[in-house]
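Colleague: I am new to this structure and would like a short tour. Could we begin with the terms you use?

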Amino acid sequence: MPPHGPLYGYVASSSSEALLHGLATARRVLPAACVYASDQAHYSVGRACELLRMELVTVASLPEGAMDAEDLRLRVRQRRPAGGSIVVATCGTTMRGAVDDIVALRAAAETAGTVHMHVDAAGGGLVAAHASPQPHWSFAYGADSVNISGHKILGLPVPAGISLVRRDLLPETAAGKYIAAADHTLACSRSALASLLLWARLRSLGRTGMAALISRCQEVAAYAVGRLEKAGAGPGHVPGTLTVTFARPPPGWWTSGIWRAPGSWPAWSRSDMSPTRR
Ligand SMILES: *Cc1c(COP(=O)(O)O)cnc(C)c1O
């Protein structure tokens with residue numbers, strides 16, 4: 001991260017810490033604001049709000065899993081927040097992989113004042129970055145802070161999160177002056193191993209390798225949709241994402257056979273997905 005660029009970032013212990021860092025930054029700027037997140041948001045959002053003693057308002061989601069901008073508009077209006085609003089959008093919801101549209105959400109929340117837009121991109125940020133067309137999820141679309149996980153699509157063997165915040169939202173004086181550090185992190189001491197593994201993984205993939213990994217996963221997801229459709233399992237899939245849902249199998253199904261899945265996640269391929277009975 002360039003030391004004087006428009007963004008500040010660090011490698012955190014996990015996305016939950018990075019999310020806490022984003023919300024703590026938001027609270028510094030808008031101390032009286034409520035936090036708005038959808039009913040599909042990860043449970044770490046609720047935990048962060050509890051720790052930071054911020055009030056969390058749950059917003060309804062649309063059938064495919066993205067936050068309902070109209071419901072956000074209504075809830076923000078109901079509260080008439082003098083102190084602004086902090087919206088936690090999710091890029092890649094845990095259950096469906098849905099991506100909240102931060103341009104639409106900001107427009108909805110700004111009808112009632114200043115907005116801080118945090119994007120929980122733990123699972124979906126790196127996928128969204130390579131999707132076409134690009135969903136509205138990043139700083140380019142108006143995010144103020146973002147968290148991404150290092151151990152999900154990148155598959156790091158240790159947990160890691162990335163916290164990115166707009167530098168102009170940080171306090172003017174950083175901690176750690178006595179060791180000549182400009183420390184705005186939440187954790188203070190951090191894992192050099194996680195940073196090194198993250199660097200090595202990104203460096204070995206490169207931009208083209210990363211794009212190829214994502215497109216291979218998208219192909220596998222599309223293939224799974226086709227197979228599940230043929231099997232009458234009612235698959236659900238948000239285009240561009242890697243999540244495929246399907247109807248719950250009949251009772252007893254799980255105990256009467258197994259799914260063959262050799263190799264380790266995330267390296268499954270088409271041939272790994274054929275069900276076998278033992
Ligand atoms: C996994 C996940 C988290 C939590 O990430 P950790 O790195 O495990 O702390 C938060 N939000 C979403 C959407 C996630 O998928």
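Modeller: Certainly: a residue is called buried under 20% relative accessible area, exposed over 50%, and partly exposed in between, with a 1.4 Å probe and protein chains only as cover. This is a predicted model, in which local features need pLDDT of at least 70 and side-chain atom pairs count only at pLDDT 80 or more, while totals for chains, interfaces and linings use all residues. Residues are numbered from 1 along each chain as its sequence is written, and side-chain values use heavy atoms, with hydrogens and water left out.

Colleague: What share of the 278 residues is buried?

Modeller: Buried residues make up 44% of the protein.

Colleague: And how many helices and strands are there?

Modeller: The protein has seven helices and nine strands. These are DSSP runs numbered from the N terminus: H or I with at least four residues for helices, E with at least two for strands.

Colleague: Take helix α3, then. Which of its residues are buried?

Modeller: Helix α3 covers residues 69-79, and Ala69, Asp71, Leu72 and Val76 are buried there. Seen down the axis, these buried residues fall within an arc of 155°, so they line one face of α3. The arc is taken from the directions from the helix axis to the C-beta atoms.

Colleague: What covers them?

Modeller: The cover includes β2 (34-38), β3 (56-59), β4 (85-90) and α4 (102-109).

Colleague: Changing topic, where is Cys91?

Modeller: Cys91 sits in the loop between β4 and α4. Its relative accessibility is 1%, so Cys91 counts as buried. Beyond neighbours within four places in sequence, Cys91 is in contact (heavy atoms within 4.5 Å) with residues including Val119, Asp120 and Trp137. The C-alpha atoms of Cys91 and Val119 are separated by 6.6 Å, although the two are 28 residues apart along the chain.

Colleague: Now the ligand. Which of the 13 residues around it come nearest?

Modeller: Those are Ser15, Ser16, Asp120, His151 and Lys152. A residue is near the ligand if one of its heavy atoms lies within 4 Å.

Colleague: Which atoms of the ligand do the side chains of Ser16 and Asp120 approach?

Modeller: A polar side-chain atom of Ser16 lies 2.6 Å from an oxygen atom of the ligand, and one of Asp120 lies 2.6 Å from a nitrogen atom of the ligand. For His151, a polar side-chain atom lies 3.3 Å from a ligand oxygen.

Conventions: A polar contact is a pair of N or O atoms within 3.5 Å; within protein, one must be able to donate a hydrogen and the other to accept it, and residues adjacent in sequence count only if both atoms are side-chain atoms.
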